[in-house]
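Please examine the sequence and the three-dimensional structure shown here before reading the report.

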Amino acid sequence: MEIRWRASLGVAALHSQSSQRRRWDAQWFGRLGYAHRLDGDWSAQLALTRYAYPGAALLRPYAQDELGATLAWRDLAYLSIAGLRRSNVQGSGGGRDSVAYDFVLRQALPATLSFSAGLGHFETRGVQGHAYTHGSVALGAP
């Protein structure tokens, strides 16, 4: 049985369009976790992630911490559930808890690159809760 610690830093580009202007911002995240090989095909992962928006004052209230668990099959398919906590929500008198579900497919490419595509669902908990479904595509390197 193999246990591997993992640490990563990342950035995502976000595009917003309001009636006043169009704008690109960045979401930065840092992740620390570990993976445990269950057998030849299956593995489990646990990770703590911090999401931040240092260059976007309007998005800073959306910074959050996430604790997630993932079950992976052959490093090709991943099913995840995560609990999220936003600790500084303006006008709410406190934090906001959320839950997210994701399914991701990953394919290794030449030159140690990989391509992934995913579908997920996000729900906030509480009085002013909302939900949305999202998709993603990514090109990555270890």
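The report below treats one strand and its surroundings, then the salt bridges, and then a patch on the surface.

## The model

The structure is a predicted model. The values in this report are computed from that model.

## Strand β4 and its partner

Strand β4 comprises residues 64-73. The strand has two faces, one covered and one uncovered. Gln64, Glu66, Gly68, Thr70 and Ala72 make up the covered face, whereas Asp65, Leu67, Ala69, Leu71 and Trp73 make up the uncovered face.

Strand β3, residues 42-52, is joined to β4 by ten bridges. The two strands run antiparallel. Within this pairing, Trp42 stands opposite Trp73 in β4.

## Gln64

Is Gln64 buried or exposed? Gln64 has a relative accessibility of 10%. Buried means under 20% relative accessible area, and Gln64 therefore counts as buried. Gln64 also belongs to the covered face of β4.

Which residues is Gln64 in contact with, leaving aside its neighbours within four places in sequence? They are Thr49, Arg50, Tyr51, Leu84, Arg85 and Arg86. A further relation concerns Ala52, which is twelve residues from Gln64 in sequence. In space, the C-alpha atoms of Gln64 and Ala52 are 7.0 Å apart.

## Salt bridges

How many salt bridges does the structure hold? It holds four salt bridges, and those described here include the pair of Asp75 and Arg37. The closest N and O atoms of Asp75 and Arg37 are 3.4 Å apart. This pair links distant parts of the chain, 38 residues apart: Asp75 is in the loop between β4 and β5, and Arg37 is in strand β2. Asp75 is partly exposed, at 27% relative accessibility, and Arg37 is partly exposed as well, with a relative accessible area of 26%.

Another salt bridge is formed by Asp41 and Arg74, with 3.0 Å between the closest N and O atoms. Asp41 lies in the loop between β2 and β3 and Arg74 in the loop between β4 and β5, so this salt bridge ties together parts that are 33 residues apart in sequence. The relative accessibility is 29% for Asp41, which counts as partly exposed. Arg74, at 46%, also counts as partly exposed.

Arg50 and Asp65 form a salt bridge too, and their closest N and O atoms are 3.4 Å apart. Because Arg50 lies in strand β3 and Asp65 in strand β4, the pair ties together parts that are 15 residues apart in sequence. Arg50 is partly exposed, with a relative accessible area of 38%, and Asp65 is partly exposed at 32% relative accessibility. Arg50 is also one of the residues in contact with Gln64, and Asp65 belongs to the uncovered face of β4.

## A nonpolar patch on the surface

Which residues form the nonpolar patch on the surface? The patch consists of Trp5, Leu32, Tyr34, Leu46, Leu48 and Leu67. Together these residues have about 640 Å² of accessible area. Strands β2 and β3 each supply at least two residues of the patch.

One of the patch residues, Tyr34, lies in strand β2. Tyr34 counts as partly exposed because its relative accessibility is 33%. Leu67, also part of the patch, belongs to the uncovered face of β4.

Notes: Residues are numbered from 1 along each chain as its sequence is written. This is a predicted model: local features need pLDDT of at least 70, side-chain atom pairs count only at pLDDT 80 or more; totals for chains, interfaces and linings use all residues. Side-chain values use heavy atoms; hydrogens and water are left out. Helices (H or I, at least four residues) and strands (E, at least two) are DSSP runs, numbered from the N terminus. Buried means under 20% relative accessible area, exposed over 50%, partly exposed in between (1.4 Å probe, protein chains only). Contact means heavy atoms within 4.5 Å. Two strands pair if DSSP finds at least two bridges between them. A salt bridge is a side-chain nitrogen of Lys or Arg within 4 Å of a carboxyl oxygen of Asp or Glu. Patches are made of residues with over 30% relative accessible area and no salt bridge: like charges are joined within 9 Å, nonpolar side chains (Val, Leu, Ile, Met, Phe, Trp, Tyr) within 5 Å. Accessible areas come from the Shrake-Rupley method with a 1.4 Å probe; for residues, only the protein chains shown count as cover.
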